Amino acid sequence: DLVYSVAIDGPAGAGKSTVARIIADRLNLTYVDTGAMYRAITLKALEKGALMTEEIINIAENCSIEIKKGRIYLDGRDVTEEIRKPSVDEKVSKVACIPQVRQRLVKLQREMAKDCGVVMDGRDIGTTVLPDAKYKFYLTADIKVRAKRRYDEMLKKGIKTDLKKVEEELAERDRQDRERECSPLKAAEDAIIIDTTDKTLDEVVDEILSHIKRRE
Ligand code: C5P
């Protein structure tokens with residue numbers, strides 16, 4: 001089949017989105033960042049001061065989310081930068097554990113992958129969103145290394161923070177993502193697990209591409 005999909009899952013800060021973007025570019029597939037979609041709903045909930053689960057479900061079911069050329073639009077508004085702010089980081093895993101929120105987004109994600117090949121990154125792509133994806137990868141790394149990478153990223157963007165705080169935030173988000181009832185963070189049984197702790201970005205990209213080339 002000409003249209004195939006690549007699922008990339010793993011905990012926060014494992015380098016999924018950077019890797020997924022490069023793989024999509026090399027293979028001429030469309031990159032879909034599913035974390036950005038959970039973040040967009042979280043942003044809207046924060047803006048509306050929605051605290052109750054019912055209100056958040058209502059937002060998820062009635063907002064429009066589009067991904068175009070690497071930008072994410074919430075009700076037509078470009079929120080690509082805003083969804084990265086710390087208040088969203090802090091709240092997103094609570095929004096993502098609501099089954100009805102997931103239901104809406106999983107449906108959108110499957111539609112995005114229907115007509116074109118995608119590289120999709122997230123937490124439940126290989127297990128739930130695209131269980132038939134031709135290629136599944138699960139990226140992990142030591143928490144210290146993930147925290148340092150995220151910290152460096154934030155410094156580059158001019159966001160002041162401290163390493164310990166970043167590590168705690170990642171650990172807490174992972175805990176919530178792993179322990180939730182509805183499609184928790186987990187490697188699919190048929191996923192190739194790649195520990196990126198001691199690997200460079202290029203090494204990880206090459207490893208993934210060599211798995212794919214072997215079967216294409
Ligand atoms: O990938 P990113 O770190 O931007 O994802 C933000 C949050 O969105 C995750 O911590 C998780 O709670 C949620 N998420 C999810 N399922 C996905 C993608 C993201 O639950 N497929």
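Helix α2 (34-47) and helix α5 (residues 99-112) pack at an angle of about 140 degrees, and their axes lie 11 Å apart. Here axes are lines fitted to C-alpha atoms, for helices over the stretch in contact, and angles run from 0 to 180 degrees between N-to-C directions. Angles under 35 degrees count as roughly parallel, over 145 as roughly antiparallel, 65 to 115 as roughly perpendicular and the rest as oblique; α2 and α5 are therefore oblique to each other. The crossing of α2 and α5 is right-handed, a term used if the near helix is turned clockwise from the far one by less than a right angle.

The model is predicted: local features need pLDDT of at least 70, side-chain atom pairs count only at pLDDT 80 or more, and totals for chains, interfaces and linings use all residues. Residues are numbered from 1 along each chain as its sequence is written, and side-chain values use heavy atoms, with hydrogens and water left out. Helices (H or I, at least four residues) are DSSP runs numbered from the N terminus.

A second pair consists of helix α7 (residues 143-156) and α8, packed at an angle of about 120 degrees with axes 9 Å apart. These two helices are therefore also oblique to each other, and α7 and α8 cross in a right-handed manner.

Helices α2 and α8 also take part in the surroundings of the ligand. Its shell holds 16 residues, of which Arg39, Arg102, Asp124, Arg173 and Asp177 are the closest; a residue belongs to the shell if one of its heavy atoms lies within 4 Å. α2, α4 (86-95) and α8 (163-179) each supply at least two shell residues, and α2 gives the largest share, four residues.

An oxygen atom of the ligand lies 2.7 Å from a side-chain N or O atom of Arg102. A ligand nitrogen atom is 2.8 Å from a side-chain N or O atom of Asp124. The protein covers 97% of the 450 Å² of accessible area (Shrake-Rupley method, 1.4 Å probe) that the ligand has on its own.

Methods: Polar contact = N/O pair within 3.5 Å; in protein donor to acceptor, adjacent residues only side chain to side chain.
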